[in-house]
Amino acid sequence: MVNDVVNNMTKLVNELKESIKQDITDIKEGKNEGLLERNDHKHNLINDIASLKSDLNRELISEMKEGVDVNIYRDKVDALEDDLKELYELNKKLASIVLPIKQMYSDLVDEITVV
């Protein structure tokens, strides 16, 4: 069961990474409609990953209680952790692109609304 949960998490994390990469590409190309179309899906992926994280913790605890040496999952969990770190870095890259644009629009609105 632990393997199934890790495999599902890895699949979802990779799907989310690809979605963020597409967001970055769309921003650079000015295709903002693509960003909006993917938002709900990305939100669902994030929720599913968080839920699977809880499932993974439960499964690991259950196996430890049964006397299983959970170190047998070390490589898979380490690989998942690497994927999550890559996801984090991609998200930071996306934020570094989006936040300055958000600030620019905020500044424009402030300038226009000054009486």
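Modeller: Welcome! One idea to begin with: a residue is buried when its relative accessible area is under 20%, exposed when it is over 50%, and partly exposed in between (1.4 Å probe, protein chains only). This is a predicted model, where local features need pLDDT of at least 70 and side-chain atom pairs count only at pLDDT 80 or more, while totals for chains, interfaces and linings use all residues. Residues are numbered from 1 along each chain as its sequence is written, and side-chain values use heavy atoms, with hydrogens and water left out.

Biologist: Thanks! How many salt bridges does the structure hold?

Modeller: Side chains of opposite charge can pair when their charged atoms come close. A salt bridge here is a side-chain nitrogen of Lys or Arg within 4 Å of a carboxyl oxygen of Asp or Glu. The number of salt bridges in the structure is 10.

Biologist: How many residues apart in sequence are the parts that Glu 86 and Lys 17 tie together?

Modeller: The side chains of Glu 86 and Lys 17 form a salt bridge, 3.2 Å from N to O. Glu 86 is in helix H3 (residues 74–113) and Lys 17 in helix H1 (residues 2–29), so the parts that the pair ties together are separated in sequence by 69 residues. Helices, by the way, are DSSP runs of H or I with at least four residues, numbered from the N terminus. Back to the count, then: 69 residues.

Biologist: And is Lys 17 buried or exposed?

Modeller: Its partner Glu 86 has 36% relative accessibility and is partly exposed. Lys 17 has a relative accessibility of 5%, so Lys 17 is buried.

Biologist: Which residue forms a salt bridge with Glu 18?

Modeller: An α-helix has 3.6 residues a turn, so residues three or four places apart point the same way. The partner of Glu 18 sits 3 residues away in helix H1, about one helical turn. Glu 18 is partly exposed at 47%, and the partner is partly exposed too, at 33%. With the closest N and O atoms 3.4 Å apart, the residue is Lys 21.

Biologist: What is the N to O distance in the salt bridge of Lys 85 and Glu 81?

Modeller: Lys 85 and Glu 81 are 4 residues apart in helix H3, about one helical turn. Lys 85 is partly exposed at 48%, and Glu 81 is partly exposed at 38%. From N to O, their salt bridge spans 3.5 Å.

Biologist: Where in H2 is the kink centred?

Modeller: Helix H2 covers residues 32–65. The bend at a residue is the angle between axes fitted to the seven residues ending there and the seven starting there. The kink in H2 is about 35°, and its centre is Asn 39.

Biologist: How far apart are the end C-alpha atoms of H1?

Modeller: The expected span of a helix is 1.5 Å times one less than its number of residues. For the 28 residues of H1 that gives 40 Å, and this agrees with the distance between the end C-alpha atoms, 40 Å.

Biologist: What volume does the largest pocket have?

Modeller: On a 1 Å grid over the protein atoms alone, a pocket is an open set of points where a 1.4 Å probe fits, with protein on both sides within 12 Å along at least five of seven lines. Grid points are joined across faces, edges and corners, and the volume is the space filled by probe spheres set on the points. For the largest pocket this comes to about 530 Å³.

Biologist: Which helix gives the most to the lining of the largest pocket?

Modeller: Lining residues have an atom within 4 Å of a point, and the largest pocket has 20 of them, with Asp 23, Asn 39, Lys 42, Leu 94 and Val 98 nearest its centre. H1, H2 and H3 each supply at least two residues of that lining. The most, 9 residues, come from H3.

Biologist: How many charged residues does that lining of the largest pocket have?

Modeller: Ala, Val, Leu, Ile, Met, Phe, Trp, Tyr, Cys and Pro count as nonpolar, Asp, Glu, Lys and Arg as charged, and the others, Gly among them, as polar. In the lining of the largest pocket, 14 residues are nonpolar and 3 are polar, and the number of charged ones is 3.
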